[in-house]
Amino acid sequence: MFTHSIRWRLQLWLAFLLVCVLSGFGLTVYQLQRITQLNQLDEALKRRVAALNLTVRGGPMMEFFRRSDTDKGPGPRDFPSGGFNSGSRERPYGPPHGPGFMPGEKREVRLSPETAALFSGSQPGAFYFSVWSRDSNLLARAAGGPTNVSLPPRMGRDTSLHAGIRGKNREAYQFTELGDCILVGRSLIPDWDAESRLAWMLLAAGGGVLALGLSGGWLLTTRAIRPVEEISAAASRISAGNLSERITTSEPNNELGRLAGILNNTFSRLETVFNQQKQFTADAAHELRTPISVLISEAQVMLSRERTPSEYKESLETCLDTAQQLRRLTDSLLELARTESNQFDSDRSRVDVSEVARDCVERLKPLAAERNVVLKTELNPGEVIINSDRLVQILINLLSNGIHYNKPGGEVLVKTVNETGKISIIVQDTGIGIPEEDLPRIFDRFYRADKSRSRAEGRAGLGLAICKAIVEADGGELSVESKLNVGTTFKVLFPGAAPRARNIQVAP
Ligand code: ADP
């Protein structure tokens, strides 16, 4: 489904954001324009009402003049020039309210050219007006204006300006202090046309920006996601059988480049582990095959003909030796597997390495004597947190190696050093040494530097691998230094245990 694709999701979000922003912007512009236009129109209406008001009250722009009953005017009529009069049908105006007025008089009003110019024209955008007398008689109205304009309702003595929409027109009206009503209006159709033009323009511009934004967004997401696609393609090409493949990226320093680097490192580690695993399986099979072959051939030889009891005994002893060798090997393999999968006994405790070393030396003295090797010690107390059986296992392994790979009359020195919070156990021998080229692989499983000697003695090449795994699992380090025919030094470094808290006795 395309909705699961990051690119489409980004695109949908971008579209949503753009639509929100553009509609917000468009609506704001549209609304502002509408309000401005209406305000301008209201201002124009107000100006015109004020101008007419001055005329009706007798201000500077007005020209009121009396007319006698005999002087028959044209009656209420449209004044293209903006002038208006009160014709014969107009009722008398009541008590005098301004200069030149008399009750019952007929009025003729002529607008100044400036005021008249405010109402010129009969096009849809032209302003119109109507004036009613205090007694609600229509005194005049602009030519070309709508004929159905009705007198707005009077609100007591309210003389403030009112504006509102009536039908398709915007109108403003005001009752003068004399009681006349002046109404000025204008059709809203031109404004609505302008608004709809603006709306279409905004829609077109918004659509353009949206299309542009979405295509830009599509290009950008395509560019941004390309490395991810490269990574997933490369990752899918990498399988158990093809772990040498790596992800190549043109921009190694950005986030995706760094991700590719991390994945490549992981693949490298996986490749190493896979290869080690393969090697280990092959080595283990090879190591197991030899004693099994010995067992089978021994049994076949014995069964090929009748044997004397002493021959049977000898053969059975060989089988027993081989079976014991097989058991040692499987025990070591099991031990290694347990150590590497961190299946440790959890009973770690505070152990003094000097005591454990002394104990191990005592246990190996018979073997050393048998091999004519002298065991020496330089033991300083120092405590580490470790499983003591595991520590014994490490020391027995290193010490027995020191005895095995030694020369007659040689020495093995065990030292424990407690320095700057670290505890070192050093096993130094004066034996045959390890060739320099073998040193880097000395801790590998099944690796034997002196193959003929080790194999002949039934040694599997697993001891140092097990030691290293145990030491590292306990947060320590195991290192080796060796010189051929001079001797070898193994150094185990552990973080020391925190000093014991002192018991402070408070006097009663
Ligand atoms: P092994 O059971 O064969 O001794 P280890 O893992 O203990 O297996 O040792 C690996 C190899 O390292 C040995 O086969 C031997 O060649 C070499 N080695 C280990 N310790 C010493 C030592 N103290 N002096 C010389 N060579 C040693």
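Contact here means heavy atoms within 4.5 Å. The structure is a predicted model, in which local features need pLDDT of at least 70, side-chain atom pairs count only at pLDDT 80 or more, and totals for chains, interfaces and linings use all residues. Residues are numbered from 1 along each chain as its sequence is written, and side-chain values use heavy atoms, with hydrogens and water left out.

Leaving aside residues up to four places away in sequence, F494 touches V384, I386, L391, I394, K422, I423, I425, V471, D474 and G476. A nonpolar core is a set of buried Ala, Val, Leu, Ile, Met, Phe, Trp, Tyr and Cys residues joined through side-chain atoms within 4.5 Å; buried means under 20% relative accessible area, exposed over 50%, and partly exposed in between (1.4 Å probe, protein chains only). The largest such core has 48 residues, of which L391, L399 and F494 touch the most other members. A second, separate core of 26 residues includes F127, V149, C181 and L188.

The whole structure holds 18 salt bridges, each a side-chain nitrogen of Lys or Arg within 4 Å of a carboxyl oxygen of Asp or Glu. Three of them are tabulated.

| Pair | Closest N and O atoms |
|---|---|
| E195 and R34 | 3.5 Å |
| R166 and E171 | 2.7 Å |
| R350 and E383 | 2.9 Å |

E195 is buried at 10% relative accessible area, whereas R34 is partly exposed at 35%. E171 is buried at 6%, and its partner R166 is partly exposed at 29%. R350 is partly exposed at 30%, as is E383 at 23%. In addition, salt bridges link E335, R338 and R390 in a network.
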